[in-house]
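Here's a quick walk through one strand and its neighbours. Have a look at the model first.

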Amino acid sequence: MAELDVGQHCQVESCRQRDFLPFVCDGCSGIFCLEHRSKESHDCPEVTVINVKPKIDTHESYPCSFKDCAERELVAVICPYCEKNFCLRHRHQSDHECEKLEIPKPRMTATQTLVRNIIHSKSGERTNKRLEGTKNSVTAAKVALMKLKMHADGDKSLPQAERIYFQVFLPKGSKDKSKPMFFCHRWSIGKAIDFAASLASLKNDNNRLAAKKLRLCHISSGEALPLDHTLETWLAKEDCPLYNGGSIILEYLNDNEQSLKNVDSYLE
């Protein structure tokens, strides 16, 4: 039996493999095997490979003059002092170590030292004034406490060690503007209010829901003190203006009010 002549040989000289299902290149119309069917694999003359790097038009960009800097800019960035071109990163005199950068003269250093000395002396004066003011405040507080002890009303049965003295400013419209009083430092704010109202013959409806309530308030901030806190709790606070021999305000407030609106009016 004669051998069947089926398929065709690959036209690549180094291959010449017989392929029963050969491929026909649509570029050069050659016959190729599966491995060489692509145009690149059999160097098809119809394929033009361009492997040339595009040229950079150096006329449209400006190189930076700073040492070791390869940056370029599309527009010229000229230093007005040395008149050289730089990139945006090195455009300032200090950034490109400009040869015409002016160094501050020694007299400026002397002037700065003089200014610092003046400021330091002024700060020292303010510090001394604050210390003097603090000493004066402490002295004034001691004098005020001595006066309160001479005239204050309170529970005479309280031991001296438990007494705390206040100049109590009374509610607006009261017969007296204020009264000196002393309380027990272990009393709650609520008990101190009841005692003060009794001494000043004030109406006290703190046990009624709908009525205005008597409250003790800070002399500086106008904040109403919590009724369940003790006096000694507030005396121990560093940021609280409550101290033995100081002043405090007794005023009627609504349930939704937690501070006085115009504290200065009580001190006029």
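What follows is a short tour of strand β10, its partners and one lysine next door.

This is a predicted model, where local features need pLDDT of at least 70, side-chain atom pairs count only at pLDDT 80 or more, and totals for chains, interfaces and linings use all residues. Residues are numbered from 1 along each chain as its sequence is written, and side-chain values use heavy atoms, with hydrogens and water left out.

Let's start with β10, residues 246–253. Strands here are DSSP runs of E, at least two residues long, numbered from the N terminus. Six of its eight residues are buried (under 20% relative accessible area, 1.4 Å probe, protein chains only), so β10 is largely enclosed by the rest of the structure.

Which strands pair with β10? Pairing takes at least two DSSP bridges between two strands, and the table shows the partners.

| Partner of β10 | Sense | Bridges | Residues facing each other |
|---|---|---|---|
| β7 (residues 163–169) | parallel | four | Phe-169 and Ile-249 |
| β9 (residues 213–217) | antiparallel | five | Lys-213 and Leu-253 |

Now for Lys-213, which sits in β9. Is this lysine buried or exposed? Lys-213 is buried, at 13% relative accessible area. Its side chain makes polar contacts (N or O atom pairs within 3.5 Å, one able to donate a hydrogen and the other to accept it; residues adjacent in sequence count only if both atoms are side-chain atoms). One goes to the backbone oxygen of Arg-208 at 2.7 Å, and another to that of Ala-211 at 2.9 Å.

Leaving aside residues up to four places away in sequence, Lys-213 also touches (heavy atoms within 4.5 Å) several residues, including Asp-205, Glu-251, Tyr-252 and Asp-255.

Terms used: Buried means under 20% relative accessible area, exposed over 50%, partly exposed in between (1.4 Å probe, protein chains only).
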